[in-house]
Amino acid sequence: MRILIATASRHGSTRELGRWLGTSITDRVVGDDTSVEVRDAADVDSIAEYDAVIIGSAVYMGRWLREARSLVAREQTELETRPVWLFSSGPIGENTSETGPSKWDKAPWAIDHRVFGGKLDRSTLSRFERLVVRMIRAGDGDDRSRDDIDAWADTICRSLKAGSENHSDQVSD
Ligand SMILES: Cc1cc2nc3c(=O)[nH]c(=O)nc-3n(C[C@H](O)[C@H](O)[C@H](O)COP(=O)(O)O)c2cc1C
């Protein structure tokens, strides 16, 4: 089984979440005939060769980044034919949580959509981003949790295992 984790990140923290998830899933499937690839969404031309896909994006002004949105739009038909999980990364403290990526909550083809805490480091932001952050009174912080990622990796691996057992039952029937 080939698993793709594709992330869209402007300042690197969502990319890192993707890597944590990749490591966590890899640790759980050791010995199985499974490989996990973690890539930037912008570098993914096609998902056809993957059996399961996880797509994550940072949230800016209530929206996923364009690279993630266009991957989903481009691969919509393929996404509907395999297990897909989505995650968003954004909220820090209380001030950024109001604008959620609610559109993706309703993606009927996705098994789950999780919202993970994000990371904000004002020293890395553009002048415009710093202005926005000041307007919404968000402070620096890192609300990402490796434990949350590990727990989600558990859920994903259990679901994939159950799916492949069902599939082999059907093949042997
Ligand atoms: C200009 C700006 C706008 C943001 N807007 C939102 C938002 O609407 N909702 C949210 O939950 N987080 C928002 N955030 C927080 C980011 O999603 C968070 O910092 C995230 O971890 C950044 O991910 P990245 O490092 O992968 O780019 C915003 C951050 C900035 C700098």
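**Exercise 1. In this predicted model, determine which residues of the largest nonpolar core touch the most other members, and which element gives the most to this core.**

Solution. The largest nonpolar core holds 22 residues, and within this set I47, I55, L79, L86 and W109 are the ones that touch the most other members. Turning from residues to elements, those that give two or more residues to this core are β1 (2-8), β3, α2 (66-74) and β5. Among these contributions, that of β3 is the greatest, at 4 residues. A second core, separate from this one, consists of 18 residues, including L17, A52, W85 and I156. As a general background, nonpolar side chains in soluble globular proteins tend to be buried together.

**Exercise 2. Establish how many residues of strand β5 are buried, and which residues lie on each of its sides.**

Solution. Strand β5 spans residues 84-89, and 6 of its 6 residues are buried, so that the strand is mostly covered. The next step is to separate the two faces, for which the general rule is that side chains in a regular strand alternate between the two faces of the sheet. One side of β5 carries V84, L86 and S88, the other carries W85, F87 and S89, and the residues on both sides are all buried. Two of these residues can now be placed in the cores: L86 belongs to the largest nonpolar core, whereas W85 is included in the second, separate one.

**Exercise 3. Identify the strands with which β5 pairs, and state in which sense, parallel or antiparallel, each pairing runs.**

Solution. Taking β3 to begin with, this strand covers residues 52-60 and pairs with β5 in the parallel sense over 6 bridges. Within the pairing, S57 stands opposite S88 of β5. Strand β6, residues 112-116, also pairs with β5 in the parallel sense, here over 5 bridges, and L86 stands opposite H113 of β6.

**Exercise 4. Explain why S89 counts as buried, and list its contacts beyond its neighbours within four places in sequence.**

Solution. S89 lies in strand β5. Its relative accessibility is 3%, and S89 therefore counts as buried, given that the cut-off for this class is under 20%. Once the neighbours within four places in sequence are left aside, S89 is in contact with T14, L17, S57, A58, V59, F116, G117 and G118.

**Exercise 5. Set these details within the whole chain: how many helices and strands are there, and what percentage of the residues count as buried?**

Solution. The protein chain has 6 helices and 8 strands, which follow one another along the sequence as β-α-β-β-β-α-α-β-α-β-β-α-β-α. Of its 173 residues, 39% count as buried.

How values were computed. Residues numbered from 1 in each chain as written. Predicted model: local features only at pLDDT ≥ 70, side-chain atom pairs only at ≥ 80, totals over all residues. Heavy atoms only, no water. Buried < 20%, exposed > 50% of the residue type's maximum accessible area, 1.4 Å probe, protein only. Pairing = 2+ DSSP bridges. Contact = heavy atoms within 4.5 Å. Core = buried A, V, L, I, M, F, W, Y, C linked by side-chain atoms within 4.5 Å.
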